[in-house]
Structure formats: structure tokens, C-alpha cells
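Colleague: Could you take me through one loop in close detail? Please start from a single residue and work outwards.

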Amino acid sequence: MSTQQQQKSPQPKEQVVQLYQGAKRIQPKMAKGRFANLRILVILATQFVFYVIPWFNWSGRQAVLFDIPARRFYLFGITLVPGDLIYLTGLLLVSAFGLFWWTTIAGRLWCGYACPQTVYTEIMLWIDRLVEGERNQRLKLDKELWNLRKIRIKLTKYLLIFAVCAWTGITFAGWFTPIRQFVPDIFQFNASGGALFAAAFYGVMTWLFAHIMREQVCKYMCPYARFQSAMFDQDTLIISYDAERGEPRGARKKSLTEAQLAEMGDCINCTQCVQVCPVGIDIRDGLQYECIGCAACIDACDEIMDKMNYPRGLIRYTTEAVLEHKYTDKDFVKRLKRPRVLGYGVVLVLAVIGLLFGLATRETLKVDVIKDRGVMVRENKQGWLENAYNLRIVNASEQEQVVEVKVSGFDEIALGGVPEGGFKAPGGQTITVPVQVSTIPEYADKGSHPIKFEFTYHNPSEQEKTRHTIVEDASFIGE
Ligand code: SF4
Ligand code: SF4
């Protein structure tokens, strides 16, 4: 390239790459209709569980309490100890497969109705509406310069938000610490630091996620939103705009002729579906990953269709295959028999059966035989060889249990340290009982010999004493 050419070639323009996309505050309009009502019901049900259940008592103790310092989970009379983690794993498996199964059938139902992010965002929107009014009033207020009225309204709103977030945080901590004691302790400045930190942390997170970040959490942070498309297929229910029916869209102007009106689709381009959308998208642009499946646009559009005397369902729950005319909406139920749905369903049913069976046959007494390392072997007064053990007994029930112990392994073997008729293991507690096992020296030559401890336990207050037996292996060290 000549020097002249080099001089003529244009200088490359400086390009600015935006790594952060500024987000405009979305002020959705409130949708009214079947799905909005359904969401209110689900919010009430889930929040009843969250806010009210910790206040229930069961057998004189908080019905549901995850007591992490004591390593005990109490669930309506069932006490789970660290050895029961398998049941919590089972519960997680059931929840996960339940979610996979449901997502394959009905898409983002969880996101749209029950996810805490959706639920708390909706609660914050209720407060917005209650204090600042409907969408147009909120938009107007935001544009207004600061004045006494605006300060009063914003202050009222933030006080309400603070109250909701604070109570949410306190309730959250109340799942992990006895709430009936924790709440009065807060007001007496006597609450434990750990519980206060948990309450403050959860309260701040509720405010940050549900009031400040809102749809940004679903768009950019939620991992479930990312991987759930892997569970979708062309028969999964999605919320979709029926473009064939709706286009060409347009307002019904009085100036239009009959022929022009006849050529138009059913969408009157009122943008109601966009105004109610909490993530600020236009469903008419097609399926978008930002859509959380809240169905607010269905309610909004159905209302318009009713006013226009058009059939409902321009925006509706449907499937990709229906939109491609592979079958009709009515045949959706038949498509539930597809391999993916059946596969997830079978695993889910098996997981539920396994979990229920495990819980029904679960031993409420956990025992651990721990060899006393300080005393390997010794000779007792009788001249027999003796080993010492500690029996760690965890009573994972609310009731006292009477525990009897036997030992076997040699033709002649004796157990010391356990009173006649057994010992008592108080409900929900762990006790350690030191015992001694002895045998005549001829049976136990040098090395390790297998022995068995047999624990039989029953609840002494039960009329009919149902006895349960647990066998634990141990070793006896010979001379
Ligand atoms: S609400 Fe219905 S009619 Fe109105 S713009 Fe949306 S799709 Fe069109
Ligand atoms: S597009 Fe419709 S269903 Fe999706 S988030 Fe917006 S309002 Fe909800």
C-alpha cells in the first residue's frame, strides 16, 4: 500500500461496548381476571405456610423447626437427626422431579405463580398500588419534582415495605429458632445475635430482590430460568400470542371501511398486554426467555376480547405444536402420554413411594456403639476379659423410650452398665451410656472378634407396647 493510500484510508472509529445495560423501572398495570385470581390464591396459600406455620405447636414444641445448633429438624412430631439426612435428600429429590415433571407439562407455572421472587415482587406491587395508585398515577408521581406530597407518599410506601421485609426476615429466622421466644426477645433486646443476623439478612434480601431488582433477578440471576428450556418440548404449555389470528394488528378507527376492517386481525393494538407485563416485554414478538409465565397478558387481552365481542384466547396457554397446526388445543391432554412426561412421572412416583415408605418404617431410635479407645482390654474382678464401650442413643421421637440392651458373640458373654429392665431415653434427646462387655479369656484370643449389640425399645406410655429392635455390629478386642 502506497503512502498516499495510507493517508486516505479512514481512521477506525472508536467503539464503546456497553457491558451493563441500564434497566428502566417497570411499572406494570394490574391485570384482573382468572389467572390474576389464581395467583392471589397461590400467594395466600404459600404465604400462609411461610408466615403462620412457624407459630403452630405440636406436642409442646414448635411444629416445624430447623434447629441447626442442636442438629435437629422437627416436622409435625417427626424429629430428624443427622442420621436422617437421607429423608431430606429424598424430599429434595421429590421436589426436583416434581418440578421437572410439571415444567415439562406446563412450562413456567412455578415462576408465574409460586416462586418466592414472583410472590414477593407481587406483594411489593400491591404496596405500590395501595400507596401510589395505578400505573399512570405511579408514572406521573415518579416524574414529579420532589414536594411535600411526594415525600409523604414515598415515606408511607417505604415504611410499609420496611414492615413487610422486617416481618418476612423475622419469620424466616423463626423457622430456625423458636419464634414464640424470638419475637418477644427482639423487643426486649435479648434476641440471639445469629437469629437477628438471619432475620436482618433475609429482610434486606427481600427488599433488594423484590423491591429493587424485581424482574432483573429472573432475567439475569435465576439459574432455573436458564436450564428449564431443556425440559421444554413442542408439547409443553407456553403462553403465546396467536399471530395468525391477531395479525395484521391495528386500532379500529372509525375512518376504516368494512373491507379494511375485514382484513384486519383480532389484535386491536391496545398494548394492554404490554402494560401489565411485569418483565416489560411484548408477548406479540414471540416466545422470549424473559417471560415468567405469569399470564397477566392473557387476562388483559381476554378483557379486551370480551369488550370487542371477539372470542377469548388471542393470547393463551397453548403449545408450539398447536401453533404449528399439528393438533388442536383440545388434544393437549392426549399429548401428556409422551415418553418424557411418563419418564419424569415414574421417577417422581417412585421417589414419593420410597420417601413415604422410608418415613413409615423409620426407626425413631438411633444407636451408635463407640469403642472406648482409652480401655482396649482389661481383666475384671471375675477374671474375664473386658472391653468398654459408649452407647450413643439418639431418641428421635417426642416421647420417652425405654431401651433394653443385649449382647452376643461368644458362648459366654456378659454386659455390665445397663440396669435391669433397661434405661430411659428422654424424647428428642441424645444420651451416652458407658457399658462393659466381658467374656472368658479362652473365647477371646488376640485380635478382634465380632460381637452384636441388640437394642429393643418401646414407649412406656403406650397401652400395647410395640417393641422395635435394632442390631449393631461391634468388635471385641481379645488378649
Ligand atoms: S391486549 Fe390483545 S388486543 Fe391488545 S395489544 Fe395485546 S394482543 Fe393485541
Ligand atoms: S409476557 Fe405475559 S406471561 Fe410473560 S411475563 Fe409478560 S405478562 Fe407475564
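**The loop and its surroundings**

Modeller: Asp266 lies in the loop between α13 (258–263) and α14 (272–275). Helices here are DSSP runs of H or I with at least four residues, strands are E runs of at least two, and both are numbered from the N terminus. This is a predicted model: local features need pLDDT of at least 70, side-chain atom pairs count only at pLDDT 80 or more, and totals for chains, interfaces and linings use all residues. Residues are numbered from 1 along each chain as its sequence is written, chains are lettered from A and ligands numbered from 1 in the order written, and side-chain values use heavy atoms, without hydrogens or water.

Is Asp266 buried or exposed? Its relative accessible area is 17%, so Asp266 is buried (buried is under 20%, exposed over 50%, partly exposed in between, with a 1.4 Å probe and protein chains only).

Now the partners. The Asp266 side chain makes a polar contact of 2.7 Å with the side chain of Arg245. Such a contact is a pair of N or O atoms within 3.5 Å; within protein, one must be able to donate a hydrogen and the other to accept it, and residues adjacent in sequence count only if both atoms are side-chain atoms. Leaving aside residues up to four places away in sequence, Asp266 touches Arg245, Gly246, Arg252, Met305, Tyr310 and Leu314 (heavy atoms within 4.5 Å).

Step outwards to the ligand. Met305 and Leu314 touch Asp266, and both also belong to the shell around ligand 1. Cys267, Ile268, Asn269, Cys270, Thr271 and Cys273 are in that shell too. Tyr241, Arg284, Cys301 and Ile315 complete it. A residue is counted here if one of its heavy atoms lies within 4 Å of the ligand. By class, the shell holds 9 nonpolar, 2 polar and 1 charged residue. Ala, Val, Leu, Ile, Met, Phe, Trp, Tyr, Cys and Pro count as nonpolar; Asp, Glu, Lys and Arg as charged; the others, Gly among them, as polar.

One backbone detail belongs with α13. Pro248 sits in the loop between α12 (243–246) and α13. The peptide bond leading to Pro248 from Glu247 is cis, with omega near -5°.

For contrast, look at two other loops. Arg71, between β3 (64–67) and β4 (72–75), is exposed at 53% relative accessible area. Arg71 is not a glycine, yet its phi is positive, about 50°. Phe189 is in the loop between α8 (179–187) and α9. Phe189 also has a positive phi, about 55°, and counts as exposed at 80%.
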